[in-house]
Amino acid sequence: MAMIGAKRGYALASKLLKALNSSSSSSTPLRPFSSVVNSEITTSHTAKWMQDTTKKSPMELINEVPPIKVEGRIAACEGDTNPALGHPIEFICLDKSEPAVCKYCGLRYVQDHHH
């Protein structure tokens, strides 16, 4: 079911891009979307960034943050206290014993059991 929706979404996006490209009245041709980000540039940029071993990766930095204790069964993660710097709110179920991870920012949450 999700695959059918994805195919329809892709087809719709493809038609929209074709319509935008063909309806352009500008004398300057539009830059093709396929060359906006190509794998060669991405790979060389990543390789250059990874050469500097003095800097930590974003995942290493976020893993240094200890899991956040929450009193209830549900955590609400927004990524930051400032909404302009955060992400869409995600409600995270904390029923499992291991920390639950926010899919947007990687912050970890655990249920704080009061006995």
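I74 sits at 46% relative accessibility, so this isoleucine counts as partly exposed. The model is a predicted one, and I74 makes a handy way into its strands. The residue is found in strand β2, where I74 and A76 make up the uncovered face, while A75 and C77 make up the covered one. On the surface, I74 joins I89 and F91 in a nonpolar patch, and together the three offer about 310 Å² of accessible area.

Strand β2 (residues 74-77) does not go without a partner. Four bridges tie β2 to β3, and the two strands run antiparallel. At the I74 end of things, the bridge partner in β3 is C93. Strand β3 itself covers residues 90-93, and its side chains take turns: E90 and I92 point to one face and are buried, whereas F91 and C93 point to the other face and are not. This is the textbook pattern, as side chains in a regular strand alternate between the two faces of the sheet. F91, on the face of β3 that is not buried, is also one of the members of the nonpolar patch with I74.

Back in β2, C77 lies on the covered face. With just 1% relative accessibility, C77 counts as buried. C102 is buried too, at a relative accessible area of 2%. Might these cysteines be linked, and how far apart are the sulfurs of C77 and C102? The cysteine sulfur closest to that of C77 belongs to C102, at 3.6 Å, which is too far for a bond. Looking from the other end gives the matching picture, since the closest cysteine sulfur to that of C102 is in C77, again 3.6 Å away and too far for a bond. A pair has to come within 2.5 Å to qualify, and by this rule the model has zero disulfides.

A further set of strands forms an open sheet. Three strands take part, in the order β1-β5-β4, and their pairing is mixed. The edges are held by β1 (68-70) and β4 (100-101), each with a single partner strand, so one side of each is left without a neighbour in the sheet. Between β1 and β5 (residues 108-111) there are three bridges, and these two strands run parallel. Within that pairing, K69 has V110 of β5 as its bridge partner. The β1-β5 pair is thus parallel, while β2 and β3 run antiparallel.

How values were computed: Residues are numbered from 1 along each chain as its sequence is written. This is a predicted model: local features need pLDDT of at least 70, side-chain atom pairs count only at pLDDT 80 or more; totals for chains, interfaces and linings use all residues. Side-chain values use heavy atoms; hydrogens and water are left out. Buried means under 20% relative accessible area, exposed over 50%, partly exposed in between (1.4 Å probe, protein chains only). Two strands pair if DSSP finds at least two bridges between them. Patches are made of residues with over 30% relative accessible area and no salt bridge: like charges are joined within 9 Å, nonpolar side chains (Val, Leu, Ile, Met, Phe, Trp, Tyr) within 5 Å. Accessible areas come from the Shrake-Rupley method with a 1.4 Å probe; for residues, only the protein chains shown count as cover. A salt bridge is a side-chain nitrogen of Lys or Arg within 4 Å of a carboxyl oxygen of Asp or Glu.
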